[in-house]
Amino acid sequence: MSTKILTVDDSRTIRMIIQRAFRLHDCTLCQAANGEEGLMVAAREKPDLIILDITMPVMDGMTMLTKLKENPELKDIPVIMLTAESGRDSVLKISQIGVQDYLVKPFKEDQLVEKVSRIIALQVKAPMASTA
Amino acid sequence: MFNMNARPAALRDFRGGNEMLVVGSVGFIGDANGVVYVYVTEPFARTLASRMLGLAEAELDNHEMVNDVIGELSNMIVGAVKSRLCDSGVPCVLTIPSIVRGQNVSAEPALGSECRLLGVLCDTEPILLEILMKRSK
């Protein structure tokens with residue numbers, strides 16, 4: 001069974017970049033555009049890992065993270081914060097709620113893959129069989 | 001993400017011309033209040049979107065993808081500003097990015113706010129940053 005990763009970001013651009021970053025890996029990417037939607041998708045899909053933005057409409061990433069950690073069924077899902085905010089207070093607050101790692105935008109795709117692979121096992125996709 | 005070399009540069013204010021511009025803006029609210037506007041020309045906005053998304057410019061849909069990339073670029077720039085403000089003891093939070101398109105676009109500061117213009121050169125293309133800021137305390 002392939003690994004399942006949930007991306008929660010209001011930017012379609014970032015969601016597309018994350019999808020591209022894992023194109024060579026055997027994983028399924030689910031998406032949500034805000035924290036509220038993210039909690040619903042997390043409950044439904046039970047992802048192996050969540051990549052979470054902070055500043056989003058409807059429900060921000062900090063609120064989603066807090067609610068996730070309060071939910072006994074979801075609290076053990078590892079979370080990587082992917083955000084434009086790198087201030088000391090912000091990092092401290094997030095680490096107190098409980099995240100596995102933190103990546104500041106702009107980021108390189110291989111940095112993200114490396115951080116994810118430190119937390120969950122990623123399998124490289126088998127090459128397609130040639131029909132020639 | 002863009003594979004470009006960005007550096008501070010002498011200001012070339014291209015806001016008042018006939019070029020079509022894409023302007024991203026993100027605000028910050030707290031002990032400091034303000035907005036940062038990120039001005040780029042429409043052709044350069046398409047180049048940025050193409051680079052960031054890894055798509056040919058012909059593959060970009062009408063405005064949505066380009067707007068989203070400029071919004072995200074604005075968010076990254078203002079996120080760095082916000083982090084520095086917070087680390088300097090000026091706590092604030094960011095607003096959601098918004099985009100304006102048009103020619104001859106400019107923002108006018110409200111009474112009592114400070115305005116700064118900064119030029120950045122990305123390879124050979126200019127980006128103009130306009131920072132409007134009001135300190136609460």
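The exercises below work through a predicted model of chains A and B.

**Exercise 1. Confidence**

Task: State what the model scores in ipTM and pTM, and what the mean pLDDT of chain B is.

Solution:
- Step 1. Read the scores for the model. The ipTM is 0.77 and the pTM is 0.85.
- Step 2. Turn to chain B. Its mean pLDDT is 89. Of its residues, 98% reach 70 or more.
- Step 3. Keep a rule in mind. Where pLDDT is low, predicted coordinates should not be read in detail.

**Exercise 2. The sheet of chain A**

Task: Give the order of the five strands in the open sheet of chain A, and find which strands stand at the edges.

Solution:
- Step 1. Write the order. It is E2-E1-E3-E4-E5, and the pairing is parallel.
- Step 2. Look at the ends of that order. E2 (27-32) and E5 (101-104) of chain A are the edge strands. Each has a single partner strand, so one side of each is left without a neighbour in the sheet.
- Step 3. Check the twist. Neighbouring strands are turned by 20° against each other on average, direction ignored.
- Step 4. Recall how such sheets are held. Strands pair through backbone hydrogen bonds, either parallel or antiparallel.

**Exercise 3. Partners of strand E1(A)**

Task: Count the bridges that E1(A) makes with E2(A) and with E3(A), then locate residue partners.

Solution:
- Step 1. Take E2(A). Its parallel pairing with E1(A) runs over six bridges. Here A:Thr7 stands opposite A:Gln31.
- Step 2. Take E3(A), residues 49-52. Its parallel pairing with E1(A), residues 3-8, runs over four bridges. A:Ile5 has A:Leu49 as its bridge partner. A:Val8 stands opposite A:Leu52.
- Step 3. Trace the connection. E1(A), H1(A) and E2(A) form a β-α-β unit, and this unit is right-handed.

**Exercise 4. Helices on the sheet**

Task: For H2(A) and H5(A), name the strands that each helix touches.

Solution:
- Step 1. H2(A), residues 35-45, packs on the sheet and touches E1, E2 and E3 of chain A. Its direction makes about 165° with that of E1(A).
- Step 2. H5(A), residues 109-119, also packs on the sheet. It touches E3, E4 (79-83) and E5 of chain A. Its direction makes about 175° with that of E5(A).

**Exercise 5. Where the chains meet**

Task: Find which helix gives the most to the side of chain B that touches chain A, and describe how H2(B) packs with H1(A).

Solution:
- Step 1. Count both sides. Chain B has 18 residues in contact with 18 residues of chain A.
- Step 2. Find the elements. On the chain B side, H1 (42-53) and H2 each supply at least two residues. H2(B) gives the most, with eleven residues.
- Step 3. Sort the chain B side by class. Nine residues are nonpolar, five polar and four charged.
- Step 4. Zoom in on one helix pair. H1(A), residues 12-21, and H2(B), residues 64-87, pack at about 95°, with axes 8 Å apart. An angle of 65 to 115 degrees counts as roughly perpendicular. These two helices are therefore roughly perpendicular to each other.
- Step 5. Name the residues. A:Arg12, A:Thr13 and A:Ile14 meet B:Asp68, B:Val69 and B:Glu72. By class, this contact has two nonpolar, one polar and three charged residues.

**Exercise 6. Backbone exceptions**

Task: Identify where A:Pro106 and B:Asn104 are found, and state what marks each backbone.

Solution:
- Step 1. Start from the rule. Most residues other than glycine have a negative phi, and most peptide bonds are trans.
- Step 2. A:Pro106 is in the loop between E5 and H5 of chain A. The bond from A:Lys105 to A:Pro106 is cis, with omega near -5°.
- Step 3. B:Asn104 is in the loop between E5 (98-102) and E6 (114-122) of chain B. Its phi is positive, about 55°, although it is not a glycine.

Notes
Residues are numbered from 1 along each chain as its sequence is written. Chains are lettered from A and ligands numbered from 1 in the order in which they are written. This is a predicted model: local features need pLDDT of at least 70, side-chain atom pairs count only at pLDDT 80 or more; totals for chains, interfaces and linings use all residues. Axes are lines fitted to C-alpha atoms, for helices over the stretch in contact, and angles run from 0 to 180 degrees between N-to-C directions. Angles under 35 degrees count as roughly parallel, over 145 as roughly antiparallel, 65 to 115 as roughly perpendicular and the rest as oblique. Two residues are in contact if their C-beta atoms, placed from the backbone, lie within 7 Å. Ala, Val, Leu, Ile, Met, Phe, Trp, Tyr, Cys and Pro count as nonpolar, Asp, Glu, Lys and Arg as charged, and the others, Gly among them, as polar. pLDDT is the predictor's confidence in each residue, from 0 to 100. Two strands pair if DSSP finds at least two bridges between them. A crossover is right-handed if, with the strands pointing away from the viewer, the path from the first strand over the helix to the second runs clockwise.
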